[in-house]
Amino acid sequence: MNIHSPALTDLSETALRDRIAHHLTYTMGKDQAHASIYDWRMAVSHTIRDLIVEPWFAATRKTYDAQGKRVYYLSMEFLIGRILEDAIINLGLHDKVDAVLRAEGISFANVIEDEPDAALGNGGLGRLAACFLESMSTLGCPAFGCGIRYEHGLFRQRFEGGRQVETPEDWLNQPHPWEFERPEARYTIPFKGHVELRDGKAVWHAGETVYARAYDTPVVGWQGGWANTLRLWGAHPTEVFDLDRFNAGDHTAAAEPEALARTLSRVLYPEDGTESGKELRLKQEFFLTSAALQDILRRFLSEYDDLALLPDKVAIQMNDTHPALAGPELIRLLVDQHGLDWAQAKDIACRCLNYTNHPLLPEALERWSTWLMGRALPRHMQIIEQIDADHAAATGCAPDLRIVWQDQVHMGPLAFVMAGHVNGVSALHTGLMRDTVFAALDRLYPGRILNQTNGVTPRRWIRLSNPVLSGVITDTIGAGWEADLDRLADLRNHAGDASVIAAIRDAKRANKVAFSNWAKGHMGLDLNPDALFDVQIKRIHEYKRQLMNIFDVIARWHAIRQNPQAAWVPRVKVFGGKAAPGYHTAKSIIRLINDVAEVVNNDPVTGDLLRVVYPANYNVSMAQRLIPMADLSEQISTAGKEASGTGNMKFAMNGALTIGTLDGANVEIRGHVGADNFFLFGMTAKEVQVRYQNPQHAREAILASKSLQEVLQLIVEGRFNPQDPTRYHALVDQTWNHDPFLVASDYESYRKAQAQVDSAFADPDHWHRLALHNIAGSGYFSSDRTIRGYMAEVWAAQSLL
């Protein structure tokens with residue numbers, strides 16, 4: 001179906017040039033002779049935003065006219081990355097914009113690179129939300145993304161002496177051309193205070209208030225046929241400035257209300273090792289949830305006067321437990337502000353709300369002390385206790401299945417009990433939800449759990465990120481696959497075509513050359529583009545097992561040094577990712593990687609046979625640089641720990657082969673691309689649970705592996721940090737005596753799989769034929785397929801295209 005906006009189809013290069021020149025002059029106040037790359041980027045951005053506004057307004061009008069259901073996707077993260085090129089691609093204007101800029105002597109690439117990544121997320125959770133919002137626009141599903149407009153995001157990462165150092169992101173230090181500030185869309189968010197009973201009704205007297213102000217960014221779908229809204233909330237003071245304090249000479253205190261309010265939307269995931277940090281996180285989550293729900297009810301009541309219709313017109317998706325306060329807050333608004341009785345309000349809330357679970361690690365399911373909840377949100381503590389009482393009365397559940405238990409509010413059970421549907425994000429993950437973390441709740445609420453395997457948008461992750469491969473795909477199977485990714489399966493018909501295999505090989509090498517040039521310019525590293533590029537990019541966490549990967553690097557380095565004349569397959573090992581500021585073990589792993597890189601990259605014996613690359617500040621734009629050039633995708637988490645993963649999907653789409661465990665969506669990827677095209681290793685989730693029963697599992701595994709013993713000895717004797725040889729003794733001790741994520745137990749299996757990788761890569765035609773099968777089998781992992789599943793099975797929402 002061709003849904004391309006007619007206005008875009010008819011837009012000539014001349015008209016586009018005139019629009020850009022207009023914004024250069026009248027928006028940026030510059031003439032062409034004196035305009036900087038920043039000026040050109042802003043002029044192009046405003047021009048493209050203008051072109052998005054028409055389908056955005058049209059979509060809004062059509063949504064109101066249809067009087068159907070809107071979807072509201074609540075997420076603490078929307079890792080949208082750079083917007084400009086994505087919008088240009090979706091509008092079909094890449095070649096025209098490039099031509100206009102070239103005619104003016106301006107590099108399109110330099111303009112794109114000038115845009116900062118929006119610092120609105122951390123990892124897979126936020127990138128998933130961004131992919132989903134783009135797919136909802138592509139499919140014409142009326143939707144809002146609801147998040148927080150973080151001024152400084154998570155943090156900007158740099159390395160000093162190999163250590164991770166965190167500094168604030170500064171993406172909003174310059175004007176953000178994509179957003180529309182909505183000062184009229186402002187809601188009061190209450191905190192603290194006390195609750196009194198007045199005429200049998202609860203009245204909350206807030207002790208603190210802030211305003212939530214809306215900032216809207218249109219998100220356009222493929223071919224410009226529909227645009228939805230990413231509505232981000234910024235915190236502002238209800239009392240801007242205390243003039244009496246200022247005039248009394250207390251100048252700092254006079255500005256205190258504004259500073260305290262802005263704290264709510266400054267930083268994503270503030271460190272919560274202190275009580276004040278915990279309170280800030282809880283207040284952030286409520287800030288987002290309350291602002292979104294007040295906005296939802298305002299919009300609904302502008303069209304309808306019967307709140308009983310709310311579940312027919314509104315579907316709210318809670319992305320993880322961060323927005324789990326949506327249940328209590330929606331009940332509060334319906335009961336306290338709109339006069340509904342408890343039973344009706346709770347029923348409406350349960351029929352509007354749905355919950356996506358991500359973590360299987362029990363410690364990752366949020367919980368708050370009843371003291372903190374009662375202090376920060378006293379009315380909500382009352383409502384949560386009533387929800388919990390209803391839950392216990394209806395199910396007769398044991399105390400450990402209560403929402404409030406052992407002086408803590410358990411947000412996973414709260415989200416589960418208040419949701420109409422609870423979904424996992426891969427087939428394995430959903431099964432494990434039923435068997436482990438939510439096993440008892442599944443028995444109490446049968447049929448509530450269902451699966452929606454994650455996906456990613458092919459527009460950004462193939463078409464934009466990998467134009468060379470995109471051209472090969474189009475030349476081979478024809479145009480239009482970007483909106484119908486199942487068509488990639490047609491590539492299988494060309495697996496025996498030497499010219500297609502050669503084209504895939506050439507596309508991969510071109511991307512590796514581009515990255516090698518970047519690494520030389522930005523990191524001073526000389527890389528061999530004919531080496532195997534082996535990539536692991538994700539949040540640094542013990543269960544993701546970057547530690548096992550760097551152990552393999554050390555073993556490989558040691559083996560090459562012992563026999564440098566052997567027929568080694570050259571490797572470039574690439575890492576990327578950030579560790580939470582307070583996660584000391586993860587930060588120690590980062591430093592170990594960098595210390596090993598320093599030794600390996602300066603070793604004349606190993607030379608080009610082994611390089612280790614760890615670019616700082618991994619983000620969406622860095623991923624777009626790394627994924628297209630990867631030969632091998634490291635998806636090596638402990639089986640049963642990863643919910644799904646989406647990086648694994650992006651790598652497969654771009655022709656990387658996977659070395660991985662049967663964890664998360666790896667299981668489904670292996671099924672779709674073919675077992676022969678996937679390097680499997682390690683224990684299954686069930687075998688992992690059995691292994692944990694052996695208290696000596698770590699020591700036994702190490703004693704059975706000469707290679708791992710040598711690796712640990714090299715680390716403990718300070719080979720990679722001679723100036724501080726005890727630096728990693730704690731890591732080594734943990735590996736010997738605890739090894740909570742079974743690195744030692746899976747190590748030998750991992751090494752054997754890596755040997756199979758070397759053998760396969762030694763035959764280039766064979767390797768790139770395997771790559772073709774990975775691309776061909778990845779069509780299932782489009783986020784368009786995922787969103788169609790949500791629309792049909794969770795939201796009961798209809799496309800308006």
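User: Which residues does D746 touch, leaving out those up to four places away in sequence?

Analyst: This is a predicted model. In it, D746 touches R545, M548, T661, F681, G682 and M683, with residues up to four places away in sequence left out. One partner also makes a polar link: the side chains of D746 and R545 share a polar contact of 2.9 Å.

User: Where is D746, and is D746 buried or exposed?

Analyst: D746 sits in helix α32, residues 743-761. Buried means under 20% relative accessible area. D746 has 1%, so D746 is buried.

User: Now Q635. Which element holds Q635, and what does Q635 touch?

Analyst: Q635 belongs to strand β20, residues 632-635. Beyond four places in sequence, the residues touched by Q635 are K538, G647, N648, F651, T658, I659, G660, T661 and N666. T661 is also on the list for D746. A polar contact of 2.8 Å joins the side chains of Q635 and K538. With a relative accessible area of 5%, Q635 is buried.

User: Give me a contrast. Is H34 buried or exposed?

Analyst: Exposed means over 50% relative accessible area. H34 is at 59%, so H34 counts as exposed. H34 lies in the loop between α2 (13-26) and α3 (37-66). Its side chain still has a polar partner: D31, with a contact of 2.8 Å between the two side chains.

User: How far apart are H34 and L280, in sequence and in space?

Analyst: Take both separations. Along the sequence, H34 and L280 are 246 residues apart. In space, their C-alpha atoms are 45 Å apart.

User: How do I check a helix span? Start with α23.

Analyst: Compare the end C-alpha distance with the span expected at 1.5 Å a residue. Helix α23, residues 546-562, has 17 residues and should span 24 Å. Its end C-alpha atoms are 25 Å apart, so the two values agree. As for cover, 14 of the 17 residues of α23 are buried.

User: What does the check give for α34?

Analyst: A shortfall. Helix α34, residues 783-795, has 13 residues, and a straight helix would reach 18 Å. The end C-alpha atoms of α34 are only 16 Å apart.

User: Which residues of α34 are buried?

Analyst: First the general idea. An α-helix has 3.6 residues a turn, so residues three or four places apart point the same way. In α34, the buried residues are S783, D784, T786, I787, G789, Y790, M791, V794 and W795.

User: What lies at the two ends of α34?

Analyst: At the N-terminal end, S782 acts as a cap: a side-chain oxygen of S782 lies 3.1 Å from the backbone nitrogen of D784. Just after α34, A796 has a positive phi of about 55 degrees.

User: Where else should I look for positive phi?

Analyst: Look at K192 and N617. Neither is a glycine, and each has a positive phi of about 60 degrees. K192 is in the loop between β5 (180-191) and β6 (194-198). N617 is in the loop between β19 (610-613) and α25 (620-626). K192 counts as buried at 14% relative accessibility. N617 also counts as buried, at 9%.

User: Last one. Which residues form the nonpolar surface patch?

Analyst: V240, F241, L243 and F246 form the patch. Together they have about 370 Å² of accessible area. F241 lies in the loop between β9 (227-237) and α8 (243-247). At 40% relative accessibility, F241 counts as partly exposed.

Notes: Residues are numbered from 1 along each chain as its sequence is written. This is a predicted model: local features need pLDDT of at least 70, side-chain atom pairs count only at pLDDT 80 or more; totals for chains, interfaces and linings use all residues. Side-chain values use heavy atoms; hydrogens and water are left out. Helices (H or I, at least four residues) and strands (E, at least two) are DSSP runs, numbered from the N terminus. Buried means under 20% relative accessible area, exposed over 50%, partly exposed in between (1.4 Å probe, protein chains only). A polar contact is a pair of N or O atoms within 3.5 Å; within protein, one must be able to donate a hydrogen and the other to accept it, and residues adjacent in sequence count only if both atoms are side-chain atoms. Contact means heavy atoms within 4.5 Å. Patches are made of residues with over 30% relative accessible area and no salt bridge: like charges are joined within 9 Å, nonpolar side chains (Val, Leu, Ile, Met, Phe, Trp, Tyr) within 5 Å. Accessible areas come from the Shrake-Rupley method with a 1.4 Å probe; for residues, only the protein chains shown count as cover. A salt bridge is a side-chain nitrogen of Lys or Arg within 4 Å of a carboxyl oxygen of Asp or Glu. The expected span of a helix is 1.5 Å times one less than its number of residues.
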